[in-house]
Amino acid sequence: MSRLPFVLSSIAVAVLAGCASESRITPAPAPVVVVTPAPAPAPYVVAPAGMVVVPQVSAASTVVVAPAALALRAGFGRIESILAIPNAAAGGAPSYNRRIVMRMEDGSVQYFDTAATGLTVGDRIEITSDGTMRHPA
């Protein structure tokens with residue numbers, strides 16, 4: 001029996017496995033939409049001639065509660081959007097993380113941050129159970 005097919009298939013598997021890269025990821029909260037209520041009409045104030053009355057605006061009417069980041073679930077999906085997020089590096093020079101929106105195969109959506117490069121919208125990726133992203137999947 002010839003060993004050539006086994007040797008060639010082993011080499012092909014090794015080459016393809018070397019093409020994938022793994023990057024550490026951290027869960028990110030879902031985006032928040034902030035909608036402020038329409039301002040109430042200014043109260044009617046009677047003031048003596050020559051006096052200006054400025055109504056005070058209250059910021060207490062707008063409350064924003066950001067949702068907590070959920071634990072990531074392992075599985076396959078596609079990148080739906082990528083947003084560059086600046087953060088302060090140790091040396092003071094800005095570095096950029098990316099916030100990834102991933103549509104899972106079951107239709108659910110996950111949000112996470114990564115410093116991985118070479119990602120594009122539509123790429124197939126995998127989230128592993130140990131908290132890494134494998135690209136391409």
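A salt bridge here is a side-chain nitrogen of Lys or Arg within 4 Å of a carboxyl oxygen of Asp or Glu. By this rule the count comes to six salt bridges in this predicted model.

**Salt bridges**

Side chains of opposite charge can pair when their charged atoms come close. Three pairs are listed below.

| Pair | Closest N to O distance |
|---|---|
| R103 and E80 | 2.8 Å |
| D113 and R99 | 2.7 Å |
| R124 and E105 | 2.9 Å |

Take R103 and E80, whose side chains meet in a salt bridge. R103 sits in strand β3 and E80 in strand β2 (residues 75-88). The two are 23 residues apart, and the pair links distant parts of the chain. R103 is partly exposed, at 33% relative accessible area. E80 is also partly exposed, at 38%.

D113 and R99 form a salt bridge too. This pair again links distant parts of the chain: D113 is in strand β4, R99 is in strand β3, and 14 residues separate them. D113 is buried, with a relative accessible area of 16%. R99 is partly exposed, with 24%.

R124 bridges to E105. R124 lies in strand β5 and E105 in the loop between β3 and β4, so the pair ties together parts 19 residues apart in sequence. R124 is partly exposed at 29%. E105 counts as exposed at 57%.

There is also a network: salt bridges link E22, E126 and R134.

**A buried acid without a salt bridge**

D123 lies in the loop between β4 (109-114) and β5. Which side chain of opposite charge is nearest to D123? It is R78, 6.5 Å away. A salt bridge needs a distance within 4 Å, and D123 has none, although D123 is buried. The side chain of D123 does make a polar contact with the side chain of T120, at 2.8 Å. Leaving out residues up to four places away in sequence, D123 touches G77, R78, I79, G118 and H135.

**The nonpolar core**

The largest nonpolar core has 11 residues: I25, I79, I100, M102, M104, F112, A116, L119, I125, I127 and M133. Two elements, β3 (94-104) and β5 (124-127), give two or more residues to this core. The largest share, three residues, comes from β3.

I127 belongs to this core. Its neighbours within four places in sequence aside, I127 is in contact with I25, L72, R73, A74, G75, M102, Q110, F112 and T132. I79, one of the core residues, is among the residues that D123 touches.

Note on methods
Residues are numbered from 1 along each chain as its sequence is written. This is a predicted model: local features need pLDDT of at least 70, side-chain atom pairs count only at pLDDT 80 or more; totals for chains, interfaces and linings use all residues. Side-chain values use heavy atoms; hydrogens and water are left out. A nonpolar core is a set of buried Ala, Val, Leu, Ile, Met, Phe, Trp, Tyr and Cys residues joined through side-chain atoms within 4.5 Å. Buried means under 20% relative accessible area, exposed over 50%, partly exposed in between (1.4 Å probe, protein chains only). Helices (H or I, at least four residues) and strands (E, at least two) are DSSP runs, numbered from the N terminus. Contact means heavy atoms within 4.5 Å. Lys and Arg count as positive and Asp and Glu as negative; His and the chain ends are not counted. A polar contact is a pair of N or O atoms within 3.5 Å; within protein, one must be able to donate a hydrogen and the other to accept it, and residues adjacent in sequence count only if both atoms are side-chain atoms.
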